[in-house]
Amino acid sequence: MLSIPIPRWLAALDVEPPFLEVLDGETQPDVSPYRPHGQLAVRIGAQLDEWAGETGSVGAEVRFYFRRADGKWSSLLPDVDYMSYVRLPSGPDDESQRPRIAPDLAVEIMSPGDRPGRLRRKVEIYLEFGASVVMVVDPIQRRVVLHRADGSTEERDARGTWALEPFDGLTLDWERIYRGITLPSVSR
């Protein structure tokens, strides 16, 4: 992994709330999640963590740093992430604590105030910097859109149980994830 120093202004975003994201050099407020958003993140993370075992780490709201070729920075906080130990060096150094690559799997759970263009750009950044899959969850519609490194997308229901490729053995049980979570009504 190439060590790129993080600018002071960007590193300062980790110090105290509000925790902001940066898209292409522009600071963006991180949309505050409502309770079901947080519950879904915890439950998705728990299933990922159970699957990951000794192969990697699972985090929530971990900051990742990305520097484009034109020098502009982006810094994103996926709701949940999985990073294999093969890709992330271990240790207390800055590279492992403040990764400059995308996680293998980034999970973004949509909030009521999310703008489609901003969400689309976040997906592009994760994929550009090495994510295998970016999973965008629409909690109200119970829909998942999977964006893959090969450029393909797939939409699925967040219902039942299904395997998440290319992660061998990873199966998500959406009924367990959603159990007991009260969602706002869907107006059509």
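**Exercise 1. Determine which element supplies the largest share of the lining of the largest pocket.**

Solution. The largest share, five residues, comes from H4. Helices (H or I, at least four residues) and strands (E, at least two) are DSSP runs, numbered from the N terminus. The model is predicted: local features need pLDDT of at least 70, side-chain atom pairs count only at pLDDT 80 or more, and totals for chains, interfaces and linings use all residues. Residues are numbered from 1 along each chain as its sequence is written, and side-chain values use heavy atoms, with hydrogens and water left out.

Next, list the contributors: helix H4 (116-128), strand E8 (133-138) and strand E9 (143-148) each give at least two residues to this lining. The lining holds 19 residues, of which Met 110, Pro 116, Leu 119, Val 136 and Asp 138 lie nearest the pocket centre. On a 1 Å grid over the protein atoms alone, a pocket is an open set of points with protein on both sides within 12 Å along at least five of seven lines, a cavity is a set where a 1.4 Å probe fits but cannot get out, and lining residues have an atom within 4 Å of a point.

Finally, classify the lining of the largest pocket: 10 residues are nonpolar, two polar and seven charged. Here Ala, Val, Leu, Ile, Met, Phe, Trp, Tyr, Cys and Pro count as nonpolar, Asp, Glu, Lys and Arg as charged, and the others, Gly among them, as polar. The volume of this pocket is about 390 Å³, a volume being the space filled by probe spheres set on grid points joined across faces, edges and corners.

**Exercise 2. Establish the strand order of the open sheet and place H2 and H4 on its strands.**

Solution. The six strands run in the order E3-E6-E7-E8-E9-E10, with mixed pairing; two strands pair if DSSP finds at least two bridges between them. Strand E3 (56-59) and strand E10 (153-157) form the edges, each pairing on one side only. From one strand to the next, the twist averages 15 degrees.

Within the sheet, strand E6 (residues 80-84) and strand E7 (residues 105-109) are antiparallel over three bridges, and Val 80 stands opposite Val 107 in E7.

Then add the helices. Helix H2 (residues 35-52) lies across E3, E6, E7 and E8, at about 160 degrees to E7. H4 lies across E7, E8 and E9, at about 155 degrees to E8. Contact means heavy atoms within 4.5 Å; axes are lines fitted to C-alpha atoms, for helices over the stretch in contact, and angles run from 0 to 180 degrees between N-to-C directions.
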